[in-house]
Amino acid sequence: MCGIVACLLNDKAAPVLLECVRRLEYRGYDSVGIATLSGDIYVKKDEGKIDDVQKRLDLTNIPGNMGIAHVRWATHGLPTGNNAHPHTDCKKRIAVVHNGIIENYKELKDTLQDEGHIFTSDTDTEVIAHLIEKYMEMGNGLEAATRLATKDIKGSYAIAAISADEPNRIIGVRKESPLIVGVGENESFIASDVPAILKHTKKVIYLNDNEMVILNPTGVLIKDMDGNLLDKKVNIIEWTSDMAEKGGYKHFMLKEIHEQPEVIKNTLMEFSEIEKVVAKFLEFKRICFVACGTSYHASLVGKYLFETLLGIPTDVVLASEFKFSEGALDAETLVILISQSGETADTLKALKIANKKSETLVIVNVLGSTATREADHVIYTRAGPEIGVAATKTYISQLISIYMLAIAMNGDNKLLEMLQIVPSYVKDALGMEDEIIQIAKKYKDSSDFFFIGRGFSYPTALEGALKLKEITYIHGEGYAAGELKHGPLALIDDDIPVLAVVPPGDSHDKTLSNIEEVKARGARIIALGSSEDEALRSEANHIIGLKGEITEMLSPIPYVVPLQLLSYYISIERGIDPDKPKNLAKCVTVE
Ligand code: M6R
């Protein structure tokens, strides 16, 4: 995820671009850049947060009343000055900013290089600048050249482009990445999201996929990809800028929970990258997952998956405990470390230990983070920046990466097809908000909760309990359903709600028996299962019933969503800010 802005003004553009792009910093913050046009194209860009780069370079000190700007969340190429946007063509007459992923950029880059184009970055985006250059050299204007360039590109994009040969014109185009148009008084804007431009105009046009916008001094034109003019509705936005940054959601956590269907689709695009590296992993005799917190729960799903699908003995170790497992490391073990941030001190320490004797793979969300530099292999999740302290969309993207890895190793394409339809199950799960709010209201004053599940649902139970503790300050205990009778049953009474995770499948009936055990001790049951499961419904005080028959193996992906929502709404009921729970930090850099 990155943020893009473009504007055509009567006044100096660079200060406005900087102010607008600041409002998109939630979309990316590893580098920033601005390009303006005043006869020539002027570019200032570098790695780092906006404030730091501004102090070093004074991004506003470039001339011109029009330009483009970008905040980056690196996906292709490390967060460096060269890889920061805007990117230019060979003659520095064209500049582009881009949000999205160009899937076929390698082929396009090879062809363009064979044709003599010189590249200066490792990004997928730079091919766009060179494609536009190529088509403009053939006699096309910026608009037609951008249209032709997008015909060559596969993937997702929101692009803004300018050319020194066409002053007073900015082209924007969108496919599967957000792009809006701001219509001001004698000025116009393009942006990834509404908050960027709210200070300047409240009149917004939402672009659909395969639509193009042309900003010029007389206003804005919207066209389809055949060049036909479209008549689009101008919406009047009534948000405050704070509401807008969160996309209209009250908290980043809720926004991030709702982004999950899109995150799954983005993460799935990595499958071909994973396929390229798996052959080597099949040689290992043992897998050892290492992680902390939510990433540890994703690892537990990984253990069940690797043992079920691949039959490879798989251990899961907490990163802070990993040094006690050092003795079991050898060259036949692949150590897979999972970390959203790639900077968690416990995980980095474990990575150092693992590197001494074993090969290491990290599954990480932050490109260029320390873990990615120190491991032998890297898989990137594609969740975009996560601002809420509680991990939600990054957990889902970790799960998707683990499933893709196991599927690539196992070679079963049927499973891959099933994974592609998971976003629709997640969307259905997001549709259960009203029921979940009612449950949150009823149980907001409980002092303890149990979360139980078997097999693939056990990590889901642990993750549900962690979310509850973290953002509601209620004690939540995740337990393997079959283990309750070995001790914790003594704690159960009618004050304790037990949330049972019971998808259809092999573990279903046994978990129902465990529900009977706690019911007999007075517990109230909140059951999370299929909406068609009458046996479960008859056991439960409340049911969160998910539509569709997802397999038990894939159930950890949609089944965690209601648990995220339940914790979120209990936290709201208790007057807690879920984005900033007390005593916690997003990234834990101490051991
Ligand atoms: O960045 P990491 O994935 O390495 O972080 C690990 C944990 O600190 C993290 O998952 C933590 O448990 C979450 N805040 C839980 O929501």
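Where is Thr392 found? I looked this up in a predicted model, and I placed Thr392 in the loop between β19 (377-380) and α13 (393-410).

**Entry: Thr392**

I asked next whether Thr392 is buried or exposed. Its relative accessibility is 0%, so I entered Thr392 as buried, the cut-off being under 20%. I then listed its contacts, setting aside neighbours within four places in sequence. Thr392 touches Met253, Glu256, Ile257 and Gln260, and also Glu386 and Gln564.

**Entry: Gln340**

I turned to Gln340, which lies in the loop between β17 (333-339) and α11 (345-357). The relative accessible area of Gln340 is 12%, and I recorded the residue as buried. Apart from neighbours within four places in sequence, the contacts of Gln340 are Ser295, Val364, Asn365, Val366, Glu386, Thr394, Gln398 and Lys586. Glu386 thus stands in the contact list of Gln340 and in that of Thr392. I also checked a separation: the C-alpha atoms of Gln340 and Ala375 are 15 Å apart, with the two positions 35 residues apart along the chain.

**Entry: the ligand**

Which residues are closest to the ligand? I noted Ser295, Ser339, Gln340, Ser341 and Thr344 as the closest of the 14 residues that surround the ligand. I then examined individual polar approaches. A polar backbone atom of Gln340 is 2.7 Å from an oxygen atom of the ligand. For Thr294, a polar backbone atom is 3.1 Å from a ligand oxygen. With Glu470 the side chain is involved: one of its N or O atoms is 2.7 Å from an oxygen atom of the ligand. I recorded that the ligand taken alone exposes 410 Å², of which the protein buries 90%. Two or more residues of the shell come from each of α10 (293-310) and α17 (457-472).

**Entry: aromatic pairs**

How many aromatic pairs does the count give? I obtained seven. I then asked why the pair of Tyr443 and Phe449 is edge-to-face. The ring centres are 6.3 Å apart and the planes meet at 70°; the cut-off is over 60 degrees, so the pair is edge-to-face. Both Tyr443 and Phe449 are buried.

I next took the pair of Phe450 and Tyr479, which is tilted, with 6.3 Å centre to centre and 55° between the planes. This pair links distant parts of the chain, 29 residues apart: Phe450 belongs to strand β20 (residues 448-453) and Tyr479 to strand β21 (residues 475-480). Phe450 is buried at a relative accessible area of 2%, whereas Tyr479 is partly exposed at 23%. I also noted one aromatic cluster formed by Tyr443, Phe449 and Phe451.

**Entry: charges over rings**

Over which ring does the charged end of Lys582 sit? I found it over the ring of Tyr473, 4.3 Å from the centre. I recorded a further case in Lys49, whose charged end sits over the ring of Tyr29 at 5.6 Å from the ring centre.

**Entry: Val71**

I located Val71 in strand β4 (residues 66-72). Its relative accessibility is 0%, and I entered Val71 as buried. Beyond neighbours within four places in sequence, Val71 is in contact with Cys2, Gly3, Val21, Leu24, Gly28, Ser31, Val32 and Ile50. I also looked up Val71 against Glu187, 116 residues apart along the chain, and found their C-alpha atoms separated by 22 Å.

**Entry: backbone geometry**

Which residues does a cis peptide bond join? I noted His85 and Pro86, with omega about 0°. Pro86 is in the loop between β4 and β5 (87-88).

I then examined two residues with positive phi. Lys92, a residue other than glycine, has phi near 55°. Lys92 is in the loop between β5 and β6 (94-102), and its relative accessible area of 48% makes the residue partly exposed. Asn210 is not a glycine either, and its phi is about 60°. I placed Asn210 in the loop between β11 (203-206) and β12 (211-216). Asn210 is partly exposed, with a relative accessible area of 37%.

How values were computed. Residues are numbered from 1 along each chain as its sequence is written. This is a predicted model: local features need pLDDT of at least 70, side-chain atom pairs count only at pLDDT 80 or more; totals for chains, interfaces and linings use all residues. Side-chain values use heavy atoms; hydrogens and water are left out. Rings of Phe, Tyr and Trp (its six-membered ring) pair if their centres lie within 6.5 Å; planes under 30 degrees apart count as stacked, over 60 as edge-to-face and the rest as tilted. Buried means under 20% relative accessible area, exposed over 50%, partly exposed in between (1.4 Å probe, protein chains only). Helices (H or I, at least four residues) and strands (E, at least two) are DSSP runs, numbered from the N terminus. A charge sits over a ring if NZ of Lys or CZ of Arg is within 6 Å of the ring centre and within 35 degrees of the ring normal. Contact means heavy atoms within 4.5 Å. A residue is near a molecule or strand if one of its heavy atoms lies within 4 Å of it. A polar contact is a pair of N or O atoms within 3.5 Å; within protein, one must be able to donate a hydrogen and the other to accept it, and residues adjacent in sequence count only if both atoms are side-chain atoms. Accessible areas come from the Shrake-Rupley method with a 1.4 Å probe; for residues, only the protein chains shown count as cover.
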